[in-house]
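Q: Could you take me through one part of this model up close? I'd like to hear about the charged pairs and how well covered their residues are.

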Amino acid sequence: MTKYQKSLMLLNKIESKYGSIVNCPEDDPDYVAIRKLYPSNKHADLANIYKNKIYKLAHEGYSIREIVDQIPGDNNRIINFIKNNGIRLKTVFKYRIASPTGDTYYITNLRQFVSSHFMYAPSKGSRIEFLKSRKYKVYQGKYHWCFIRNGCYYLPPYLDKPVIRTGIDSYIYEEDY
């Protein structure tokens, strides 16, 4: 017997006893059995689950667009929730650079990295070629804060020098700078 058939049978029993499910007391064994098959999802519980998920994704370093894509519902309400609750977002890094010394850097802007790391910006040619000629390996992608290992360096656009990651809570926000 399927879940639907069981619940339909229990519903028929309740309606024959009370005339309608509206008149059924919540402690009736048949009603309790239906609730076990189909637990109620209260709106407040769902809202709290989504709020917690928004906080978690923001803490892990996901962008607003990525958070909106992962949470069902009205996009504007999610964006307003983030803004109204002062949820601070982290930078999504575009490049991972492996240095010849074994250090790893996560950055958003190659020009900023080259000028801060080498103290000058090359005037001609590609910055990727400049780094490769010095035996740096450059990988392009989306790198979120939660996937950056401790001991690696990161350089958001508002800092002058790379900073080492020492834990999940060691991110330096623009407001803290």
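Is Asp28 buried or exposed, and what is going on around it?

A: Keep in mind that this is a predicted model. Asp28 counts as buried, because its relative accessibility is 5% and the cut-off for buried is under 20%.

Now for its partner. The side chain of Asp28 meets that of Lys17 in a salt bridge, at 3.2 Å from N to O. This pair links distant parts of the chain: Lys17 sits in helix 1, while Asp28 is in the loop between helix 1 and helix 2, eleven residues apart. Lys17 is partly exposed, with a relative accessible area of 45%, so this salt bridge joins a partly exposed lysine to a buried aspartate. As a general point, side chains of opposite charge can pair when their charged atoms come close.

Next, take Asp30. Its salt bridge is with Lys13, and the closest N and O atoms are 3.7 Å apart. Asp30 belongs to helix 2 (residues 29-37) and Lys13 to helix 1 (residues 3-18), so this pair ties together parts that are 17 residues apart in sequence. Asp30 is buried, at 10% relative accessible area, whereas Lys13 is partly exposed, at 41%.

What about a pair within one helix? Glu60 and Lys56 both lie in helix 3 (residues 43-60), four residues apart, which is about one turn of the helix. They form a salt bridge too, with the closest N and O atoms 3.0 Å apart. Glu60 counts as buried at 18% relative accessibility, and Lys56 counts as partly exposed at 47%. Back with the earlier residues, salt bridges that share partners join Lys13, Lys17, Asp28 and Asp30 into one network. Across the whole structure, a search finds six salt bridges.

Glu60 also leads to a histidine. Leaving aside neighbours within four places in sequence, His144 is in contact with Glu60, Gly61, Tyr62, Glu66 and Val92. You'll find His144 in the loop between strand 3 (137-143) and strand 4 (153-155). With 8% relative accessibility, His144 counts as buried. Its side chain makes a polar contact with the side chain of Glu66, at 2.9 Å.

Conventions. Residues numbered from 1 in each chain as written. Predicted model: local features only at pLDDT ≥ 70, side-chain atom pairs only at ≥ 80, totals over all residues. Heavy atoms only, no water. Helix = DSSP H or I, 4+ residues; strand = E, 2+ residues; numbered from the N terminus. Buried < 20%, exposed > 50% of the residue type's maximum accessible area, 1.4 Å probe, protein only. Polar contact = N/O pair within 3.5 Å; in protein donor to acceptor, adjacent residues only side chain to side chain. Contact = heavy atoms within 4.5 Å. Salt bridge = Lys/Arg side-chain N within 4 Å of Asp/Glu carboxyl O.
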